[in-house]
Amino acid sequence: MHLLLVDGSGYIFRAFHALPPLNRKSDGLPVGCVQGFCNMLWKLMEDLKGEDEPTHMAVIFDAKGKTFRDDFYAEYKAHRPPAPPELVPQFPLTRAATRAYNIESIEMEGWEADDIIATYACQARAAGGKVTIVSSDKDLMQLVEPDGSIRLLDTIPRPGQPPLRWIGVEEVLNKFGVTPDKVIDVQALCGDSVDNVPGVPGIGVKTAAELINTYGNLETLLERAGEIKQNARREKLIANAELARISKRLVTLEQKVPVELELSALARQPVEPGKLFPFLKAMEFVTISKRLGGLLNADPEAWEADPALAAAPASPVGFNNEARAEARAARQEAEGRAGSPVVLHAAAMHEATKAIPWTPENYEIIRDAAHLQRWIDMAYREGLVATDAESTGLDNQTADLVGISFATQPGNGAYLPLGHTQGEGDIFGGGKAEGQMDTRQALDMLRPLFADRSILKIFHNAKYDLGLLARYDVAVNSYDDTLLLSYSLDGPQFNTMSELADHWLGVPGQSIKDLIGTGKGQKTFAQVDIPAAARYAAEDSDMTLRLWRILKPRLAAEGMTTLYETIERPLAPVLARMEGRGISVDRQILARLSGDFSQRAAALEAEAYELAGSNFNLGSPKQLGEILFDRMGLEGGTKTKTGAWSTGADVLEDLAAKGVPLARTIVDWRQLTKLMGTYTNALPEYMNARTGRVHTTYSQHSVLTGRLSSNDPNLQNIPVRTEDGRKIRTAFVAAPGKILISADYSQIELRVLAHIADIQALKDAFEEGLDIHAMTASEMFGVPVEGMPSDVRRRAKAINFGIIYGISAFGLANQLGIERSVAGDYIKTYFERFPGIKDYMDEQRRRVKIDGYVMTLFGRKINFPNANSSHAAERSFVERASINAPIQGTAADIIRRAMIRMEPELQKAGIEADMLLQVHDELIFEVPQGTENDAMPVIKRVMEGAAEPAVRLNVPIQVDAHAAHNWDEAH
DNA sequence: GCAAGGACGTA
DNA sequence: GTACGTCCTTGCA
């Protein structure tokens, strides 16, 4: 018999430190050690052929938890740091690898791998067999037998040494200066700092071997310690005799572990392709699979990946597609499986990262090129750097760069100040503060780093930094964004660094207000003194890096990799460029409108005072309510939730219809003042002095359903419904020599609904290009489309929208001004005419209660933590929102995909067109005049095909595009 | 100076 | 009935 025992745990740790990191391609799971382990096992079996070929074999691992040694010496291995988080998911995988090779994998709680190895080695030797222990652990040297029946084999590759190194008595003598039977006595004296075996302080291997060789063994030495001549050595031995005895117990391997498997059960089994290839495929080890396939004369492609270990399916999930429903089931199972490797990894990264202490005193201030170069070098060594640009404001189109911070490992950090000023209270802002690098020199050094695709830059809100850095001609390739990671995983739940730090790291986030103040006395970051700024900025990068370590692995664990990598991350630079371009606004048109509106508003104001019989603040709903309902005593007033009179437009319209002229006056006045306050007066304030254009800021991470939002100014709510409102659109103009194109999706949400809920009648109508609201009316009310009264169509339109919004009889009645019972009948009829709708709605209601979220066709999750609220109104709200969210969200995903593809497609087609704005289902472009007819078909094609190939919609998507010199005419 | 509420602009 | 952002008033610190 020849028994081969492999020290699996020892191998994993050595592989971890020796091999470069490797991640599974489809989900980023670390698998470097697993791959190394697989290679090692195979190579071992190849190398040990002929007379060294083992007849029995097992791989032994350390089990987690305490061992009997901890019972009598609590400090044993106490200083050992927790396993690196990348290693944690690989522990179970190496066990699985062993089984895949059809080799016994053995571990026992309470025992170290070495004890189990010792036990089997002794058993085999007693049975007259030969034993080879594959390990480079010196603790196992005590087992070596002079007769060669037990040997160690070191297979860890070392430069300049043969690949296989046999360790027999001679090698043990070289290492410990004694024969194997005395190794434990030597170790008892010299101890082991790694395992925290104390030994006798001040005695090393050399002295220990000399003493043991002189006195024969440890007990004799300790008994006769008084005879030793050297004073210090004698006293140490006498004082620490007990420590030496404990140390000996610690290093002595137990040879009588109650092992479960008999020796005979370790007899070698042939490799079975049916066990091997499903594992290798799950790990995505293509090269190993091919090589072993050739050697075993088997086709690796004949086996599917082991579903228990494979990457979670990232494919999007739909409602009406059976294959996708299956994928969803598989993914949810994967998500719920606590022991799944990616889930394990994510949890380990979270734990490990949280445990890293905060050491702000270590943050550095970079004041010269040499120091900056050291940080650039560190980024190259790590392959990544978290970074954050500090600037003078929140708008990256006007703010100036003040400094840049970096972190390459959790706990380190540096700040490169560039634009700090000196001297406060001086209206000229003082000069440049001392001790800062020249901005141009620093950026020249940093440009290659930011552009280097092999170095990952980690931002929090990359869009801001990308847009700011672009103004300094710094291009960024290869980046991650913790804000978008968080949004992909958790939606808009955590929006700020502060909230993320609080939730994931358990530390309070920083407040910029503490540095720059607030209100009138607010400073800019440039005025903050450099040490304080450095502490803040470096910590920001440190936090970003820590958050990244926690959030990135969650993508794979929770099946959100595709969403993040194909939609969220690539969209950020597209938005940054749109923000940077801005749109041209005609100041004169706005000024003329302001004049017109304010004159008319003033007239209405006077009229209102006349009608009310007194002057009051027309802008105060409180005062208006009191005048209408208390003083004038009008009937039919309703109260808001705070008990104030309700004076909304619908209430005033009702009153006007009942012959209250004041109500009409107020409605008109409100419209005009709204247009002035929000648009004609406000927009010119947003014109950028540098570009002469208006630059909105998009928020990619604020909307529950996946839509964008626009702010400062909001260019997604420019008026369109009223004639006066539309005049404002005429002020959004093309630059000289250019023309605007507006391209909008026609009925995108109803089409998405028709697809998701699989409504044949709706799909047919879209296929035939019918007027969808007229078709609905005709189905519901039995009125022919030809010559249909406009009111009938209007009612059907309201119902169609109602369906998208998660219809209720109450809401529909309100909208149409009809009885609730009539609205209920409408809904009933609708469900009868389009039966799939009800199924869809019920399915979403059911899912949100089970899962706490619903999903778009592209796999975006929309969370509803209150789905099972005890508050009935809240529950109903969640039900409606969960019906709407997959529809609105899928439409949002589609236009996001269109935007990501638009620029490369335009370029490919040789078309010069700048994408300027997005308004949920509409994209605005600026193109050279005369090229619009070339641009529009490309734009249409990209938008209409944006769902594919990820999702094949079974309704046609239609985009209408128009070109004109201003937005009103183009729309 | 700030937060909340009401009102209203968009898809 | 869904999803947003902004302006203005009000009330409190």
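Me: What kinds of residues make up the surface near DNA strand C: how many nonpolar, polar and charged?
Reply: In this predicted model, that surface has ten nonpolar, 18 polar and five charged residues. Ala, Val, Leu, Ile, Met, Phe, Trp, Tyr, Cys and Pro count as nonpolar, Asp, Glu, Lys and Arg as charged, and the others, Gly among them, as polar. A residue is near the strand if one of its heavy atoms lies within 4 Å of it.

Me: Which residues come nearest to DNA strand C?
Reply: Ser620, Ser709, Asp712, Ala798 and Phe810, out of 33 around the strand. Sugar and phosphate make up 73% of the strand's atoms that come within 4 Å of the protein.

Me: Which base atom does Ala798 approach?
Reply: A base oxygen of DNA strand C, which lies 2.8 Å from a backbone N or O atom of Ala798. A polar contact is a pair of N or O atoms within 3.5 Å.

Me: And what does Gln888 approach?
Reply: A sugar or linking oxygen of the strand, 3.1 Å from a polar side-chain atom of Gln888.

Me: Which element gives the largest share of that surface?
Reply: H36, with five residues. Helix H36 spans 872-908. Helices (H or I, at least four residues) and strands (E, at least two) are DSSP runs, numbered from the N terminus.

Me: New topic: where does UniProt put the "domain: 5'-3' exonuclease"?
Reply: An unreviewed UniProt entry places that feature at residues 1-269; such annotations may be inferred rather than shown by experiment. Over residues 1-269 the chain is 41% helix and 10% strand.

Me: How are residues and chains labelled?
Reply: Residues are numbered from 1 along each chain as its sequence is written, and chains are lettered from A and ligands numbered from 1 in the order written. Local features need pLDDT of at least 70, side-chain atom pairs count only at pLDDT 80 or more, totals for chains, interfaces and linings use all residues, and side-chain values use heavy atoms, leaving out hydrogens and water.

Definitions and conventions: Polar contact = N/O pair within 3.5 Å; in protein donor to acceptor, adjacent residues only side chain to side chain.
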